[in-house]
Amino acid sequence: MMNSMPPSSDRAREVLHSVFGYDAFRHTQGDIVEHLIQGNDALVLMPTGGGKSLCYQIPSLVRDGTGIVVSPLIALMQDQVDALRQNGVKAAFLNSSLSAEEARAIEAQLQRGELDLLYVAPERLMLSRTLDLLERVHIALFAIDEAHCVSQWGHDFRPEYIQLSILHERFPDVPRIALTATADAPTRREIIQRLALEEARQFVSSFDRPNIRYAISENHGNARDRLLRFIRDEHPNDAGIVYCLSRKRVDEIAAWLTKQGLNALPYHAGLTAEARREHQERFLREEGVIIVATIAFGMGIDKPDVRFVAHLNLPKSLEAYYQETGRAGRDGLPSNAWMVYGLQDVITLRQMQEGSEAGEEFKRVERHKLDAMLGFCELTSCRRQALLRYFGETLEQPCGNCDNCLSPPETWDATVAAQKALSCVHRTGQRFGVNYLIDVLLARENARIQQFGHDQISTYGIGTELNQAQWRDLYRQLIARGLLAVDVEGHGGLRLTEEARPVLRGDTKLMLRKLSRASATRQGKREKASRYTDRPESRLWEALRKRRQELADEQGVPPYMIFHDATLMEFIENRPETLSQMSQISGVGDRKLDAYGEAFLDVLHEYAGLDNEDANPVDSADETLRLFQSGMDIDAIATERGVKATTVYGHLAEAIEHGLLQLSDVVKLDEKTLEGIRFVFDQHEGGKRLKPIYDALEGKYSYEILRCIRAALGETR
Ligand code: ADP
Ligand code: ZN
């Protein structure tokens, strides 16, 4: 039994270090792991990126038997299993994507006790066949991921999840852990009740995402250019998501970004399933891809290194905003949540909500949510404090990592201007839109004004102290704050609400964000969120990323499964020179050290001393080329230069790609053989991923050779 073994906390820490390569547990992780290892149940509420997976993965490895993980996201299982295998964990999954034969093989492995972890789709788990099978094997624990799927009120409801309470009845001695990133109290109560987790200890983390920098600014009809400047300034070569409201806008923005030389792909329900799959795949597997999407994109995307999420439209609630921005920075590195919004957004959302066919009660809730969202946009104080307050948490100090903290917006006393704007609505009969109202305030040429006799009213021409943009800004804030309501018919006509009265009467002062030109320029001067993009080390950074991409291509996995960005950055900071030094770096477990340690040491070695701006990054490749052209063979060059043959091949492949060498100079194969290999490349998208090609050729040609052949095809990306 447990008692005769070393304390479980020691074993858990040992696994954390040797398998996952991490030094320490984060916040509650250690307690949760210990609690599970002792055989108890747990309910875990932790934000995205908080580190939920380790909470069940480590106890599964420490306890006897297999950990069974229930997850509704079939598309993610493969990725999770791949990532675990990279760490040397024996993991597999059972879901409908497997053939009967494949499934049987996995079940046999399970029965032989060969699996540490098995991911199972809920409908599969509930088959009496599967349950019977589980009764015959040793189970370490049940983990119920995305546990909020039991909630009938949530939008992710899965009927099969309700049946999961069976686990408690049939396997009373097996500890269970339910996990979710959905924080609200009603959902939590539902999870406890439906999964019979009354006895489970609850572990509730803060929902703060401190590495995400929130910034929101006004759109003056130049959103597209601002987006481009934002990406170029702060995220060149980074992966990110851009959210738009409509499919048409998605296509437009994606095409335009592409034209500007960025690697942007559209994603929305109007594309074929094939195109969607391909775009998502490229987002995961290539570096620096930007997905432009409707909100349909994101659920079940587990990419840890999304560096920014940009909104070109306003989400309809803070819940949605939190969830969508939360897709940035799961790896804990600095990331940006960037949004522009304008008068039209406010009007559109108000109209949608007013015009909705839903019942009064529902509409009231929706209105409340939209108010909160709009209020958040117009905020002049710390955004993180407000966001967390909305979710029932208190952050004592302003965060220092949102736009309002970094460059506090100026406010001005808008009371008089607001009175003019509001009475203009009143005097014109509460049915005109913003443009008309501004024309009246500024006494502009407009035939309709004469026609309606509005050149005779008291607000005609009394607004010349502000310009049109400033009035638009003011109207937007008045609508956002609920002092003005938008007509239901959809013409954009405005009317006064109860909230407008105290302001019109002069009972309250109205302090508003200073109108915006200044804030737009300030934005550019802000310190950057990404730490490395324009530091001298950037070349080493690029070289490490390149090597990572090569290894990922060979393995057929996304680059982040080889090493996370954070790990590469530690390589740069600590410059390990030996495998044992490298093993100290966070994210380097035993298996990865074995499999990839040498390859990265090689890059580090190659760039040793080359980290200032003057060093020429192509020096090294040039030197290789010079030696090669002087007649040295590849092994000799490797020895001479103190690098591995793989690196030499890499340099030669570059030279081939740039037309400095012929393929035949490097690779001695007859034309017929080459023809055959090229045919295989053609069948596999020109070699985007090398592993399928390597496999198709039955391992006869090394990755080095294949890379050279690909370089000659001119197909490399
Ligand atoms: P969640 O499922 O809660 O969104 P994950 O389990 O995917 O989060 O973890 C988020 C990221 O944090 C992963 O990249 C993971 O490797 C990393 N991580 C988790 N725990 C630790 C830890 N103790 N030390 C360092 N990194 C960690
Ligand atoms: Zn702040």
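Two residues are in contact when heavy atoms of each lie within 4.5 Å. In this predicted model, Arg-63 touches Leu-36, Ile-37, Gln-38, Gly-39, Ala-140 and Pro-175, when residues up to four places away in sequence are not counted.

**Two buried charged residues**

Arg-63 is placed in the loop that runs between helix H3 (52–62) and strand E2 (66–70). Ile-37, one of the residues that Arg-63 touches, has its backbone oxygen 3.0 Å from a polar atom of the Arg-63 side chain.

Glu-606 belongs to helix H28, which spans residues 590–606. Apart from neighbours within four places in sequence, the contacts of Glu-606 are Ser-620, Val-643, Thr-647 and His-651. With the side chain of His-651, the side chain of Glu-606 forms a polar contact at 2.9 Å.

Neither residue has a salt bridge: Arg-63 is buried without one, and Glu-606 is likewise buried without one. The table gives the nearest side chain of opposite charge for each.

| Buried residue | Nearest side chain of opposite charge | Distance |
|---|---|---|
| Arg-63 | Asp-64 | 8.1 Å |
| Glu-606 | Arg-547 | 5.4 Å |

A salt bridge requires a side-chain nitrogen of Lys or Arg within 4 Å of a carboxyl oxygen of Asp or Glu. The distances of 8.1 Å for Arg-63 and 5.4 Å for Glu-606 may be read against that cut-off.

**The zinc site**

The zinc ion (ligand 2) is held by the SG atoms of Cys-382, Cys-399, Cys-402 and Cys-405, at 2.3 to 2.4 Å. The angles among the four donor atoms run from 102 to 118 degrees, and the site is tetrahedral. Along the chain, the donors follow the spacing C-x16-C-x2-C-x2-C. Cys-382 sits in the loop between helix H16 (360–378) and helix H17 (383–390), while Cys-399 sits in the loop between H17 and helix H18 (403–406); the pair therefore ties together parts that are 17 residues apart in sequence. Of these two donors, Cys-382 is buried, with a relative accessible area of 4%, whereas Cys-399 is partly exposed, at 24%.

**Helix H17**

The helix between those two loops, H17, is mostly covered, with six of its eight residues buried. The buried residues are Arg-383, Arg-384, Gln-385, Ala-386, Leu-387 and Leu-388. Their cover includes strand E8 (212–218), helix H14 (318–325), H16, H18 and strand E17 (511–513). H16 and H18 thus appear here as well as beside the loops that hold Cys-382 and Cys-399. Just after H17, Gly-392 adopts a positive phi of about 85 degrees.

How values were computed. Residues numbered from 1 in each chain as written. Chains lettered and ligands numbered in written order. Predicted model: local features only at pLDDT ≥ 70, side-chain atom pairs only at ≥ 80, totals over all residues. Heavy atoms only, no water. Donors = N, O, S within 2.8 Å, 3.2 Å for Na, K, Ca; no water. Tetrahedral: all angles 85-135°; square planar, octahedral: opposite > 155°, others 65-115°. Helix = DSSP H or I, 4+ residues; strand = E, 2+ residues; numbered from the N terminus. Buried < 20%, exposed > 50% of the residue type's maximum accessible area, 1.4 Å probe, protein only. Lys, Arg positive; Asp, Glu negative; His and termini not counted. Polar contact = N/O pair within 3.5 Å; in protein donor to acceptor, adjacent residues only side chain to side chain.
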